[in-house]
Structure formats: structure tokens, C-alpha cells
Amino acid sequence: MTATPDLAAPRLAASDLLRSAFRRHAAGVSVITARGDAGPVGFTATSLTSVSAEPPLLSFGIGTGSSSWPAVSEAEYVGVHLLGEHQQGLAATFARSGADRFAPPTAWREGPEGVPVLDDVLAWIVCRVVGRVPAGDHRIVLAEVLLGDSAGAGSPLLYHQGRYSGLRD
């Protein structure tokens, strides 16, 4: 059942409307990683998008106030990790401000181009950053897919209504 739009009393197009509307939009959960001067950095993202097949490009958004932004703003390469529904804890760790995201129990290794690669994900991809586009208080990072592995087992982790969940039939 869908709601009938109330066109007589639309809400203002403000940040609270955007947040409210996108809480209703289910999104896949990913973790973006990069190598920083002080060690690996990473954050949880639901803004991951496939952009182009030829050349293979993807994009993600990152807030310029994020603790990961300084490293991502300088990184030549990033890692993109698609999380499975068994990884709610990992998603929460990488979303939590001030967390030591790469400390145990996070399992990871240094991958190609020095990018931190997380273990046990549905898929991981190493990308070369080809652009950073200003977008309000965020940047849209465009990245070219170089290599990775999409053979992980399981179902995707989703984010909806402020919670992590899995697919339901």
C-alpha cells in the first residue's frame, strides 16, 4: 500500500525531509577503506552506486567532516566492500565515530596498492580514484574498478528505517 501524496501541504525541501524520505529507501551496505598517513581508514556507506560499465566506474559519497575524509581526499586508491547480512557488527563499527575500526575483531589485510581489504565480505573491489566532486557538505568520489573478488557467500546487508537487516522473501 502506498501513501497518496498530499499536494495541498507539501513539506519544505529541507535536510529533515531528505533524511525522512531516505530512511524509507532500502540501501545496500558497504565499507570504503583507504590507506592514510596514520594508518588505515574506513567508513560505512550506503551511497555506493554503479556509474559506468565501460570504463567500469562507481561512486560513493563521503562527508567532508568525516574522520576518513582527510585520507580519502588524498588517496589514489580505495577499497569497496559489499557487506553480507552476517556483518551488522562490522557495519556498526565502521559507522561509529571514534571507533578503532581496524582493531580486532575486524579481520583485514593489506591488499593491492596498499588498500585495506576486509575479510569475509560478499565482494571487495580495489579502485583508482578518478574524481572528487563537491556536493554540499559531501564529496562524490568517482573511482575506476581495477580488480577484486565477488565470490563471497551469503545475502546482502541492507539499511532501512535506521536499522540493518537482510532480504526477506
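**Strand pairing in a predicted model**

Strands β2, residues 30-36, and β3, residues 39-45, are antiparallel partners, with seven bridges between them. This is a predicted model, so please take everything I say as computed from it. Staying with that pair, β2 and β3 make a hairpin, and two residues separate the strands. For a reference point on the screen, find I32 and look across to F43 in β3, which stands opposite. As for burial, β3 is mostly covered, with five of its seven residues buried.

Next, a longer stretch of pairing. Strand β9 covers residues 123-135, and β10 covers residues 138-149. The two run antiparallel and are joined by 11 bridges. One position to check is C127, whose bridge partner in β10 is V145. β9 and β10 also form a hairpin, again with two residues between the strands. In that turn sits G136, with a positive phi of about 60°.

β9 has another partner, β6, residues 77-82. That pairing is antiparallel too, over six bridges. Here the pair to look at is G79, which stands opposite V126 in β9.

Now the three-stranded sheet. What is the order of its strands? The order is β1-β11-β12, the sheet is open, and the pairing is antiparallel. The edges are β1, residues 27-28, and β12, residues 163-165; each has a single partner strand, so one side of each has no neighbour in the sheet. Between β11, residues 158-160, and β12 there are three bridges, in the antiparallel sense. Within that pairing, L158 has S165 of β12 as its bridge partner.

Last, one residue in some detail: S59. It lies in strand β5, which spans residues 57-63. Is S59 buried or exposed? S59 has a relative accessible area of 10%, and the cut-off for buried is under 20%, so S59 counts as buried.

Which residues does S59 touch, leaving out those up to four places away in sequence? There are two stretches to point at. One includes S47, L48, T49 and V51. The other is I140, V141 and L142. Those last three fall within β10, residues 138-149, so the contacts of S59 lead back to the strand that pairs with β9.

One general remark before I stop: in a regular strand, side chains alternate between the two faces of the sheet. That is worth having in mind when you look at β3, where five of seven residues are buried.

Notes. Residues numbered from 1 in each chain as written. Predicted model: local features only at pLDDT ≥ 70, side-chain atom pairs only at ≥ 80, totals over all residues. Heavy atoms only, no water. Helix = DSSP H or I, 4+ residues; strand = E, 2+ residues; numbered from the N terminus. Buried < 20%, exposed > 50% of the residue type's maximum accessible area, 1.4 Å probe, protein only. Contact = heavy atoms within 4.5 Å. Pairing = 2+ DSSP bridges.
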